[in-house]
Amino acid sequence: MAKKLNKKTMKCNTPQKSPNPKKKRVVKACEGGKEKIIHYGAAGYGHNISSAARKSFRARHKCDQKNSKLGARYWACKDW
């Protein structure tokens, strides 16, 4: 079981390694007075950071569209 995160001690909008074994990263997203813990990134995948892979990822996740900070898509696009 993953350890519990303390939302009060986490900094806003600062990604870190996730304690959840199924996810790579976690962030306390803060926007418009709201706070939310977001886990994102599949842990089982390797690293393919070629320009073609990045372009495909950005197209697949629609990274060019405006996203809310309270969603995993925003952080997946921003963190890569």
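This report walks through the hairpin, the buried helix face, the salt bridges, the disulfides and the largest pocket of the structure above. Keep in mind that you're looking at a predicted model.

## The hairpin

Let's start with strands β2 (23-31) and β3 (34-42). These two strands run antiparallel to each other and pair over eight bridges. Together they make a hairpin, with two residues sitting between the strands. Have a look at G32 in that turn: its phi is positive, at about 60°. Further along the pairing, you'll find C30 standing opposite E35 in β3. Hang on to those two names, as both come back below.

## Helix α2 and what covers it

Next up is helix α2, which covers residues 72-79. Which residues of this helix are buried? They are Y74, W75, A76 and C77. Here's a handy bit of background: an α-helix has 3.6 residues a turn, so residues three or four places apart point the same way.

What covers the buried residues of α2? The cover includes both hairpin strands, β2 and β3, along with helix α1 (51-60).

## Salt bridges

Side chains of opposite charge can pair when their charged atoms come close. How many salt bridges does this model have? The count is three, and here they are with their N to O distances.

| Positive partner | Negative partner | N to O distance |
|---|---|---|
| R25 | D79 | 2.8 Å |
| K28 | E35 | 3.7 Å |
| R58 | D64 | 3.3 Å |

Take the salt bridge of R25 and D79. R25 belongs to strand β2 and D79 to helix α2, so this pair ties together parts that are 54 residues apart in sequence. Are its two ends buried or exposed? Well, R25 is partly exposed, with a relative accessible area of 27%, and D79 is also partly exposed, at 32%.

The salt bridge of K28 and E35 has a buried end: K28 comes in at 5% relative accessibility. Its partner E35 is partly exposed at 41%. This is the E35 that has C30 opposite it in the hairpin.

In the salt bridge of R58 and D64, R58 is partly exposed, with a relative accessible area of 37%. D64, on the other hand, counts as exposed, at 70% relative accessibility.

## Disulfides

A disulfide is a covalent bond between the sulfur atoms of two cysteines. This structure has two of them. If you number the bonded cysteines in sequence order, the pairing reads 1-2, 3-4.

One disulfide joins C12 and C30, with the sulfur atoms 2.0 Å apart. Why is it called left-handed? The torsion about its S-S bond is about -70°, so the disulfide of C12 and C30 gets that label. The bond links distant parts of the chain: C12 lies in the segment before β1 (16-17), while C30 is in strand β2, 18 residues apart. The two ends differ in how covered they are. C12 is partly exposed at 35% relative accessibility, whereas C30 is buried at 15%.

The other disulfide joins C63 and C77, whose sulfur atoms are 1.9 Å apart. With -75° about the S-S bond, this link is left-handed. It also connects distant parts of the chain, with C63 in the loop between α1 and α2 and C77 in helix α2, 14 residues apart. This time both cysteines are buried: C63 has a relative accessibility of 11%, and C77 has one of 12%. You've met C77 already, among the buried residues of α2.

## The largest pocket

Finally, look for the largest pocket, which has a volume of about 630 Å³. It is lined by 20 residues, and those closest to the centre are K24, G41, A42, F57 and W80. Which elements give two or more residues to the lining? They are β2, β3, α1 and α2. Helix α2 gives the most, with four residues.

So a few elements keep turning up as you read along. Helix α2 holds one end of the salt bridge with R25, carries C77 of a disulfide and contributes to the pocket lining. Strand β2 pairs with β3, holds R25 and also holds C30.

Technical notes:
Residues numbered from 1 in each chain as written. Predicted model: local features only at pLDDT ≥ 70, side-chain atom pairs only at ≥ 80, totals over all residues. Heavy atoms only, no water. Buried < 20%, exposed > 50% of the residue type's maximum accessible area, 1.4 Å probe, protein only. Contact = heavy atoms within 4.5 Å. Pairing = 2+ DSSP bridges. Salt bridge = Lys/Arg side-chain N within 4 Å of Asp/Glu carboxyl O. Disulfide = S-S within 2.5 Å. 1 Å grid on protein atoms, 1.4 Å probe; cavity = no way out; pocket = protein on both sides within 12 Å on 5 of 7 lines; lining within 4 Å. Points joined across faces, edges and corners; volume = space filled by probe spheres on them.
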